[in-house]
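This report walks through selected features of one protein chain, moving from unusual backbone geometry to sheets, helices and aromatic contacts. Please keep the sequence and the model open side by side while reading.

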Amino acid sequence: MPFVDPFTSDVMDHFSRQTIRECSNTSDLVTSQFDFKTHRYRLHIHKHLAEPLLRVNGNASIECFYMKLLTNPEAIDDSKHKEPNKHHLTNHQLLPKNADFVITKCYLRKSKKRYEKIQYNAMSLIQDRLTEEQVRDFVEEQKVHPRPSVFIMGLDSTSRINLRRSMPLVYQYVSRPGWYEMQGYNKVGDNTFPNLVAFLTGNSEAGVESVCDLRKPGCLDKLPFIWKRFKVANYTTAFAEDCAQIDTFNYLKPGFQKQPTDYYLRPLISALEAAFPVTKDYGNAYCVGRHLSFSYVWDFGKQFIERFLGRSSIFGFLWSNSFTHDSFEAATALDKLFRKYLGTFEDAGLFRRSIVILMSDHGQRFKTLRQAASGYYEERMPMMFIYIPPWFRKMYPHLVKNLKANRNRLTSNYDMHMTLQHLLQLNVTSPQDFPTEHQAKACPTCQSLFFKVPLNRTCEMAGIEEKWCCCQPTVTVTKAPYVANIVEAIIRQMNEHLKLRKIDHLCAEYKLKKLNKADQKSILASGLRPADKDEHVYIIEFETVPSSPTFEATVRWNNRTQKLLPMDVDEISRLSSYKNDANCINIKTAKKYCICKDSIAKEN
C-alpha cells in the first residue's frame, strides 16, 4: 500500500478548520449525581442559576418535574416508547433504580395556574445492578486470572489519512506508547453496516442475509454479535450511537427487538430527536435539545466506565455519526472535544486495565475528499488503533510482539473480529485452535492480530473483495482507445440492472456525460492471476446524465474479446451525494445509483 500525504494541495485547497458551536449558553438547572452510599442517582436543582429570572418576576418560584422514559416491550422495533408519567422534583431527589433515562422540565411559576417554561433537559443514567457477590467474585477472579476490559470507540467515515489531517490532538494522543496503529487496515464493504457486521459478527452482509431477512423484525437479534459472547463471559456490556435517523442497525432496517446489551442508549436518542428541538449541522443531527448529539454518547460512555471499572469486566461499544458522517472538515471542530473525552476516560482509569480500540468503518465515500487524487485510499483505509495496557504487555509479550509486527501488514474487519474472540480465550496457541463456531464465518483464513499475519498476504486471504483491495498499484489508462468501450458497456449493464430489479419506472436511464478517469490494476506476483492473459481489472470513474452523478466501477474487461465480465451493479460506488436523488426508493443498495424520475422533475 502506498504512503498517502494528507496535506496535498488538491485536498488542502478545499480544507478549512471548523470551530465547535455550543448548543446552549446557559448551565443545566438540573444535574444528576451517582450516590455511592445508596448506589442510586440523585437529581439536584441549581436554583441559583434562575435568580435573575426570579428577581424580575417578583413572587415567582421555580418548579421542576422529572419523567422516566419507558421503552415499549410490545413495539416491533427499539425506537418506540411509552408516554412517561410526570413526577414533581425536589432538590437532591433520590431516583428509583429502574430509571435509565430521565427527562427534566423546569418552569417559572408566576401564579397557581400560570407556568412559563425555563428549561427542558434529558440524561442517561447508568444504574448499578451488580450484586455484592458478583463484585466479590470479579475481584477474586482478577487476582488469579486477570482479563482485560474491552472498550471500542468509533467515529464514522474517518480514514487514517484524514485523522492526521483533521484531528492532530487525537492523533498525538493515539501515537503515545501502548498504542498500535494497523496501517494496512482495509475495509471489506461499502458503507457502515457491512463493515461493522464483519467486525462484530465475523460475517458478511450477504452471509447475514442468508441467515435471515434484514428487513424483518427479529433478524438482527439472531446474529452472533460479539457482545453476546462477552456477556456469557460475565462482562457488563454497553452500546451507544448517535443520530437515530441514520444509525447502523435502524437505517432502512427495523433495529433490535430485544435490548442488545446491558446498557443501550438508542431509546433515549430516538425519543429526544422526536421530542426535543433538533438543529442540523454537517448534514446530521448536531444539537438535540440543549446538548450535542455527540455528547450524549460519550457522556453515557463516561458513566459506564465510572460505574463498573474495578467492579466488573466491561465491554463497551460507542459509535458517533454526527460530526464525521457527511463532512471530512467537521472532524476539525471535534478534535479538541474528543481529546478531552479521551483525557476524561484516562482519568477514570480506563487505560489501566482495558484494551481500547479507536476505529472507523471507512473513509469519506463521496464529495471533495473522495474525488481527490488520494480518494481511492481515503475511502478504503479507515483508522484502526489498538491500545494495550502495561499489565497485558508484561503478561503476554509474545502476543503484543505479533500485534506490533502486524502494524504494517494487510488486515481487515474479520481479523479484528478474531482479535476480540482471542481476548475471550487467551490460552489458544494458534489460529487453528479456535472452534468453528468462533471463527469468522465469511473469512476462514482470517485470524487474530495477536498471531503474526503472513507478509505475502493477499486481499482474498483477508476477506477483502477486489473492489476494495488497496494492495495493487494502478496505471492510469484514461486515454487508451478501449476505455470508451468499457464505460459504454458499464452503462449498458446499469440500465439493464434497473429493468431486472423492476425499478426502471422509478429510476431514470443513464447516459454518459463524461469519462473522468480510468486506472488499470497491476497483477502482483503474490496475487491471483486471471486464466486469460488479456483479462484485466479496471477502475473507471465517470459521470452520467440526468443529475450528473459521479460513479466509480471496478470491473474485469477482456481486451481481446472486447467484453465486460459479469458485473454486480449493486457494488458500484457513488462518489457524489445521493441525498437529493434517491428519495423515491427505500432499497438500500439502489439508493446510491437510482436517479429518481420525480427528483428530475423537481429540478426542472
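In which loop does Ser157 lie? The model is a predicted one, and in it Ser157 lies in the loop between β10 and α4 (160-166).

**Backbone exceptions**

Most residues other than glycine have a negative phi, and most peptide bonds are trans. Ser157 departs from this pattern with a positive phi of about 55°, although it is not a glycine, and Ser157 is buried, with a relative accessible area of 4%. Ser547 likewise is not a glycine and has a positive phi, of about 70°, but its relative accessibility of 25% makes Ser547 partly exposed. Ser547 is found in the loop between β24 and β25, and Pro546 lies in the loop between β24 and β25 (550-558) as well. The peptide bond leading from Val545 to Pro546 is cis, with omega near 5°.

Strand β24 (residues 535-545) also holds Ile539, which is buried at a relative accessible area of 6%. Leaving aside residues up to four places away in sequence, Ile539 touches Tyr376, Thr474, Lys517, Ala518, Asp519, Lys521, Glu552, Ala553 and Thr554. By contrast, 57 Å separates the C-alpha atom of Ile539 from that of Lys97, and these two residues are 442 residues apart along the chain.

**Sheets**

An open sheet of seven strands runs in the order β11-β20-β19-β10-β18-β13-β14, with mixed pairing. The edges are taken by β11 (179-181) and β14 (263-264), and each has a single partner strand, so one side of each is left without a neighbour in the sheet. Within this sheet, strand β10 (residues 149-155) and strand β19 (residues 354-359) run parallel and are joined by six bridges, with Phe151 standing opposite Val356 in β19. Helix α12 packs on the sheet and touches β10 and β19, its direction making about 175° with that of β10.

Elsewhere, strand β8 (residues 101-109) is mostly covered, seven of its nine residues being buried. Strand β3 (residues 61-68) runs antiparallel to β8 and is joined to it by eight bridges, and Ser61 stands opposite Arg109 in β8. Strand β9 (residues 115-124) also pairs with β8 in the antiparallel sense, over nine bridges; there the bridge partner of Phe101 is Ser124 in β9.

**Helices**

The axes of helix α11 (residues 293-308) and α12 come within 10 Å and cross at roughly 10°. Angles under 35 degrees count as roughly parallel, and α11 and α12 are therefore roughly parallel to each other. On the α11 side the contact involves Phe294, Ser295, Trp298, Asp299, Gly301, Lys302 and Ile305, which meet Leu334, Leu337, Phe338, Tyr341, Thr344 and Phe345 in α12.

In helix α18 (residues 413-423), 11 of the 11 residues are buried, so this helix is largely enclosed by the rest of the structure. Among the buried residues of α18 are Tyr414, His417, His422 and Leu423.

**Aromatic contacts**

The count of aromatic pairs in the model comes to 47, and two tilted pairs are set out below.

| Aromatic pair | Centre to centre | Angle between planes |
|---|---|---|
| Phe239 and Phe317 | 5.7 Å | 50° |
| Tyr341 and Phe345 | 6.3 Å | 50° |

The pair of Phe239 and Phe317 links distant parts of the chain, since Phe239 is in strand β13 (residues 235-241) and Phe317 is in strand β18 (residues 313-320), 78 residues apart. Phe239 is buried at a relative accessible area of 4%, and Phe317 is buried at 0%. Phe239 and Phe317 also belong to one aromatic cluster, whose members include Phe193, Trp227, Tyr264 and Trp319.

Tyr341 and Phe345, on the other hand, both lie in helix α12 (residues 330-347), four residues apart, or about one turn of the helix. An α-helix has 3.6 residues a turn, so residues three or four places apart point the same way. Tyr341 is buried with a relative accessible area of 9%, and Phe345 is buried with one of 1%.

Charged side chains also lie over aromatic faces: Lys187 is placed over the face of Trp468, at 4.1 Å from the ring centre, and Arg307 over the face of Phe34, at 3.8 Å from the ring centre.

How values were computed. Residues numbered from 1 in each chain as written. Predicted model: local features only at pLDDT ≥ 70, side-chain atom pairs only at ≥ 80, totals over all residues. Heavy atoms only, no water. Phe/Tyr/Trp six-rings, centres within 6.5 Å; stacked < 30°, edge-to-face > 60°. Helix = DSSP H or I, 4+ residues; strand = E, 2+ residues; numbered from the N terminus. Buried < 20%, exposed > 50% of the residue type's maximum accessible area, 1.4 Å probe, protein only. Lys NZ or Arg CZ within 6 Å of the ring centre and 35° of its normal. Pairing = 2+ DSSP bridges. Contact = heavy atoms within 4.5 Å. Axes fitted to C-alpha atoms, helices over the stretch in contact; angles between N-to-C directions. Parallel < 35°, antiparallel > 145°, perpendicular 65-115°, else oblique.
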